[in-house]
Amino acid sequence: MSVYELSNVISAFANALAFFLIFEAFLVRRKSFTTVVYIVGWLCLAGAIIVCNHFLRYSFANILVMMGTALVAAMLYAGAFWRKAFAIICVVLVSLLSEGIAANILAFILQFPVEEVVFMPTYRMLGMLFSVLIELTVCNVIRVRSQQKNDHLSWEYWLLFLLLFFSFIVIAFVMFYLLLFVDTVMYSKEVVLSLVCLLLSIGVSLYLYERQTA
């Protein structure tokens, strides 16, 4: 699997998770469905996005098809159609803005043109991880702030939230910066997988903290 294919797979799972985070914010789970159903729905949506990215790539049709598959996934939730459509549009806008912000920030820090950040494998992976981090952070903040049951979360939660994700940004930047001096496909994949595992660990830690304080 090439670096580009790996980045597309990771971003697909992140995009699918972003959709479900916003669904949790604006819609209501159906009581007849268990948590397993929603996990399977997330995996199916991620698989559909992977297929879309593979065949449609960066075309406008890709966005439309992805929105259509997300609308199908939204049927797992109860809620008005306009709320489902609004949630999907919200995620798409956050995703596009996150990609643009991440690419421009990296271009500014590294003093490289944006095109080089987008098309060079190492910079592309770093930009993808940054954009995924921004997207999931924004979507999770919307979810937490929109749910009344999370009013119990105090400033300690947000301090932990910022600390963990800031640590991830620093670690990701340093590890990819080191790849400039040891730039091999093997090390690139190891770094990416390590950072993905770290990001998952951060997400699980925040979820467990949120559940413990409920």
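This is a short tour of the structure, stop by stop, with something to select at each one.

Before you start, note that the model is predicted: local features need pLDDT of at least 70, side-chain atom pairs count only at pLDDT 80 or more, and totals for chains, interfaces and linings use all residues. Residues are numbered from 1 along each chain as its sequence is written, and side-chain values use heavy atoms, with hydrogens and water left out.

**Stop 1: the whole chain**

Switch to a cartoon view and you will find eight helices and two strands. Both are DSSP runs numbered from the N terminus, helices being H or I with at least four residues and strands E with at least two. Walking along the sequence, you meet them in the pattern α-β-α-α-β-α-α-α-α-α. Of the 214 residues, 40% count as buried; here buried means under 20% relative accessible area, exposed over 50%, and partly exposed in between (1.4 Å probe, protein chains only).

**Stop 2: inside helix α1**

Select Ala12, which sits in helix α1. Is Ala12 buried or exposed? Ala12 is buried, at 0% relative accessibility. Now add Ala46: although 34 residues separate Ala12 and Ala46 along the chain, their C-alpha atoms are 5.3 Å apart.

**Stop 3: two more long-range pairs**

Next, pick Ile88 in helix α4. Ile88 is buried, with a relative accessible area of 3%. Its partner for this stop is Phe20, 68 residues away in sequence and 9.5 Å away in space, C-alpha to C-alpha.

Then move to Val72 in helix α3. With a relative accessible area of 58%, Val72 is exposed. Draw a C-alpha to C-alpha distance from Val72 to Leu45 and you get 8.8 Å, for a sequence separation of 27 residues.

**Stop 4: the salt bridge**

How many salt bridges does a search of the whole structure find? It finds one, counting a side-chain nitrogen of Lys or Arg within 4 Å of a carboxyl oxygen of Asp or Glu. Show Arg29 and Glu24 as sticks: they form a salt bridge, and the closest N and O atoms are 2.7 Å apart. Arg29 is partly exposed at 40% relative accessible area, whereas Glu24 counts as buried at 18%.

**Stop 5: a nonpolar patch**

Turn on the surface and select Leu97, Ile101, Ile105, Phe108 and Ile109, which make a nonpolar surface patch of about 510 Å². Patch residues have over 30% relative accessible area and no salt bridge, with like charges joined within 9 Å and nonpolar side chains (Val, Leu, Ile, Met, Phe, Trp, Tyr) within 5 Å. Areas come from the Shrake-Rupley method with a 1.4 Å probe, and for residues only the protein chains shown count as cover. Phe108 lies in helix α4 and counts as exposed, at 63% relative accessibility.

**Stop 6: the second largest pocket**

Finish by selecting Asn8, Ser11, Tyr58, Glu99 and Arg124, the residues nearest the centre of the second largest pocket among the 37 that line it. A pocket is an open set of points on a 1 Å grid over the protein atoms alone where a 1.4 Å probe fits, with protein on both sides within 12 Å along at least five of seven lines; lining residues have an atom within 4 Å of a point. This pocket holds about 960 Å³ of space, a volume being the space filled by probe spheres set on the points, which are joined across faces, edges and corners.

Which element gives the largest share of the lining? Helix α4 does, with eight residues. By class, the lining has 18 nonpolar, 14 polar and five charged residues; Ala, Val, Leu, Ile, Met, Phe, Trp, Tyr, Cys and Pro count as nonpolar, Asp, Glu, Lys and Arg as charged, and the others, Gly among them, as polar.
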